[in-house]
Structure formats: structure tokens, C-alpha cells
Amino acid sequence: MDYFMIRQSGTITIPKAPPEESAAPEDPSVRAMIDLSLLDKFDYLAMEHLFSDPLKQVIEQYLPEQLWRPCVFIHPQKKEQKTFWFLPPLPYQPKQVTFASNGLPAAIAVEPQDFCKKAPGIFRIRSPKGSVSIVVHLSIAESILRRGICGLELVKLSA
């Protein structure tokens, strides 16, 4: 089966969460940022796996009934805001993950009986080096491409 790793294309610096941030899953993360227009170039922010509204609409079709936590970037003086969404917890892990020497996923295997049942087609893969990658099935990758989502790359994993 075909799987793709989602990577952010380009760079952007976003403010970190304030230290008093609540850990409750429904509480939004609010962060002040001077130039919100920088976020217009991105639908995926890899640093914290944040999804824009358009990308969230694609992904949530494959993750029904999940609670998405908002991350709101604000410019207080201009009274502007832009919302991104944290990827919700994903209960399913692939049967086998093969990693490249750089620690990124190179291939994954999903049990055939789990495909489209227990396995939602999107995975959060933690490498032995500690980095986290988001991997999606071909059907999700195609949906992303059809909708003109920007600021991300889809890197095909080995079969």
C-alpha cells in the first residue's frame, strides 16, 4: 500500500505556548504573533503538527468523532486571528515501521484486516531518535493534493 510522510515546505517561526497553558484537550492555545500573514503560506506547521482549517477539513473525514484542539494565533493591536488545529491522539499504530538512517520513516506495514477499519489511514510515527512524523495513506494524500493545500510536501515511503 502507498503511504506518504507529510513534511512542511519552507520555514516559519511560531511563538511557543505560554508556560501557564492548560493541558485540557479542549482548551485553546492562544499565542500572540506580529505578522499573521506569514501563516497564509502554510497549511501544516511541523513543529507542533498544526493543521490549518482547510487541511483539518480533509483529515477529519478520516478521523471521525475526534476532538481537535485549537491553536489561535492573534495580533492584539490589529484584532486579527488565525486558527490552526493540533492533530488529535491517534489510537492505531502500524504493525511494522522501518526507519531510514536519518530517523525518518522509510516504510510502514498495516495489517490487511485493520485497513479502513481500525487503521484510519493517518499515523503519528515516533522514531527511535525521538522525532515525530505524520504519515498518510495515498487516498488522504490525493485529497490533500486535490484541494490545493499549501506549505507541505508529501514524501512517498518505500513499499
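This is a short walk through a sheet and a group of aromatic rings in a predicted model.

Let's start with the sheet. Strands of a sheet pair through backbone hydrogen bonds, and they can do this in a parallel or an antiparallel way. Here you can find an open sheet of five strands, in the order β2-β5-β6-β4-β3, and the pairing is mixed. At its edges stand β2 (29-32) and β3 (44-45); each has a single partner strand, so one side of each is left without a neighbour in the sheet.

Now look at the edge strand β3, which pairs with β4 in the antiparallel sense over two bridges. Which residue of β4 does Y44 stand opposite? That residue is F51.

From F51 we can move on to the rings. A pair of aromatic rings is described by two things: the distance of the centres and the angle of the planes. Searching the whole structure turns up four aromatic pairs. One pair to look at is F51 with W68: the ring centres are 6.0 Å apart and the planes meet at 85 degrees, so this pair is edge-to-face. Distant parts of the chain are linked by this pair, since F51 sits in strand β4 (residues 50-52), while W68 belongs to the loop between α1 (53-59) and β5 (69-75), 17 residues apart. Are these two residues buried or exposed? Both F51 and W68 are buried. Y44 comes back into the picture here, as ring pairs link Y44, F51 and W68 into a cluster.

Finally, find another ring, that of W85. K56 lies over its face, at 4.5 Å from the ring centre.

Methods. Residues numbered from 1 in each chain as written. Predicted model: local features only at pLDDT ≥ 70, side-chain atom pairs only at ≥ 80, totals over all residues. Heavy atoms only, no water. Phe/Tyr/Trp six-rings, centres within 6.5 Å; stacked < 30°, edge-to-face > 60°. Helix = DSSP H or I, 4+ residues; strand = E, 2+ residues; numbered from the N terminus. Buried < 20%, exposed > 50% of the residue type's maximum accessible area, 1.4 Å probe, protein only. Lys NZ or Arg CZ within 6 Å of the ring centre and 35° of its normal. Pairing = 2+ DSSP bridges.
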